[in-house]
Amino acid sequence: MMISNAMNTQMNEQIGHEFGASLQYVNIAAYFDDAGLPVLRDHFFKQADEEREHAMKFVRYLLDAGASVEIPAVPAPRHGFKSAAEAVSLALQWEHTVTKQISGLMDLASKEKDYLSHDFLEWFVREQLEEVSSMDTLLKMIERSGESGLMLVENALSSGRGLSMSGPGE
Ligand SMILES: [Fe+2]
Ligand SMILES: [Fe+2]
């Protein structure tokens, strides 16, 4: 095995967090479908797919490193939001939490002089900049438009301009 037991354990926990984010974003997409906002719905379905892909990146890394994959129990995601702002605030909180978790993995890689994991994790560090930035922009747009003006947010999202400076755009 090319990584420590501690790194293996913490990465398995991270797989749970990424799948947890994926499930949360499916519930947020369902909220937007219910609210008659299909562009926001599809935006969150896409985010959910990306989170699943993040989880799978960790799975493939653990397998490549000869480590064991042990996916933990994933808590039930929240549902039944009162507003778009509440749903997207929750998503932004998630992204901040995941950023801390990735930093925690980086701390461990540095402490253990685990250059392989350090290199692998750098992609996630950059990805979190894009994820936090774009979710923060989306929340600000929703707050600016107000609940009655969410069609404007949908129009902006479908214009293809993208939500963050660093990201690939939508
Ligand atoms: Fe993620
Ligand atoms: Fe994310």
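Biologist: Why is E51 called buried?
Modeller: This is a predicted model, by the way, so everything here is computed from its atoms. E51 has a relative accessible area of 2%. The cut-off for buried is under 20%, so E51 counts as buried.

Biologist: What makes E18, E51 and H54 donors of the iron ion (ligand 1)?
Modeller: Distance! For iron, an N, O or S atom has to lie within 2.8 Å of the metal to be a donor. E18 and E51 each offer an OE atom and H54 offers ND1, lying 2.1 Å from the ion. That is inside the limit, so they pass. In sequence, these donor residues follow the spacing E-x32-E-x2-H. E18 sits in helix α1 (residues 5-34) and E51 in helix α2 (residues 38-64), so this pair ties together parts 33 residues apart in sequence.

Biologist: How do you know that E18 is buried?
Modeller: Its relative accessibility is 0%. Buried means under 20%, so E18 clearly qualifies.

Biologist: Which residue bridges the iron ion (ligand 1) and the iron ion (ligand 2)?
Modeller: That's E51, and the two ions lie 3.4 Å apart. You can check it from the donor lists: E51 is a donor of ligand 1, and E51 turns up again among the donors of ligand 2.

Biologist: What are the protein donors of the iron ion (ligand 2)?
Modeller: They are an OE atom of E51, two OE entries from E95, and an OE atom of E131, lying 1.8 to 2.5 Å from the ion. The limit is 2.8 Å, so these atoms count as donors.

Biologist: What makes the arrangement around the iron ion (ligand 2) irregular?
Modeller: Look at the angles. The 4 donor atoms subtend angles of 54 to 148 degrees. For tetrahedral, every angle would have to lie between 85 and 135 degrees, and square planar needs opposite donors over 155 degrees apart. The range of 54 to 148 degrees fits neither rule, so the arrangement is called irregular. As for sequence, the donor residues are spaced E-x43-E-x35-E. E95 in helix α3 (residues 84-111) and E131 in helix α4 are 36 residues apart, so the pair links distant parts of the chain.

Biologist: How do you know that E95 counts as buried, and what about E131?
Modeller: E95 has 1% relative accessibility, and E131 has 2%. With a cut-off of under 20%, E95 is buried, and E131 is buried too.

Biologist: Which residues line the largest cavity?
Modeller: The lining is H43, Q47, E95, E131, S134, M135, L138 and L163. You've met E95 and E131 already, as donors of ligand 2. Helix α4 (115-145) and helix α2 each supply at least two lining residues, and α4 gives the largest share, 4 residues.

Biologist: What volume does the largest cavity have?
Modeller: About 40 Å³. The structure holds 1 cavity of 30 Å³ or more.

Biologist: How do the residues of that lining divide into nonpolar, polar and charged?
Modeller: There are 3 nonpolar, 3 polar and 2 charged. Glu counts as charged, and the lining includes E95 and E131.

Biologist: Why is the contact between K46 and E50 a salt bridge?
Modeller: A Lys or Arg side-chain nitrogen must be within 4 Å of a carboxyl oxygen of Asp or Glu. For K46 and E50 the N to O distance is 3.9 Å, so the contact counts. These two residues lie in helix α2, 4 residues apart, about one turn of the helix.

Biologist: What makes K46 and E50 partly exposed?
Modeller: Partly exposed runs between the 20% and 50% cut-offs. K46 comes in at 35% and E50 at 25%, so that is their label.

Biologist: Which side chains does E86 meet in a salt bridge?
Modeller: R78, at 2.9 Å, and K82, at 4.0 Å. E86 is partly exposed at 22%, and so is R78 at 40%. K82 has 75%, over the 50% line, so K82 counts as exposed.

Biologist: How many salt bridges does the count come to?
Modeller: It comes to 7. D33, R41 and D42 are linked in a network of them.

Key. Residues numbered from 1 in each chain as written. Chains lettered and ligands numbered in written order. Predicted model: local features only at pLDDT ≥ 70, side-chain atom pairs only at ≥ 80, totals over all residues. Heavy atoms only, no water. Donors = N, O, S within 2.8 Å, 3.2 Å for Na, K, Ca; no water. Buried < 20%, exposed > 50% of the residue type's maximum accessible area, 1.4 Å probe, protein only. 1 Å grid on protein atoms, 1.4 Å probe; cavity = no way out; pocket = protein on both sides within 12 Å on 5 of 7 lines; lining within 4 Å. Points joined across faces, edges and corners; volume = space filled by probe spheres on them. Tetrahedral: all angles 85-135°; square planar, octahedral: opposite > 155°, others 65-115°.
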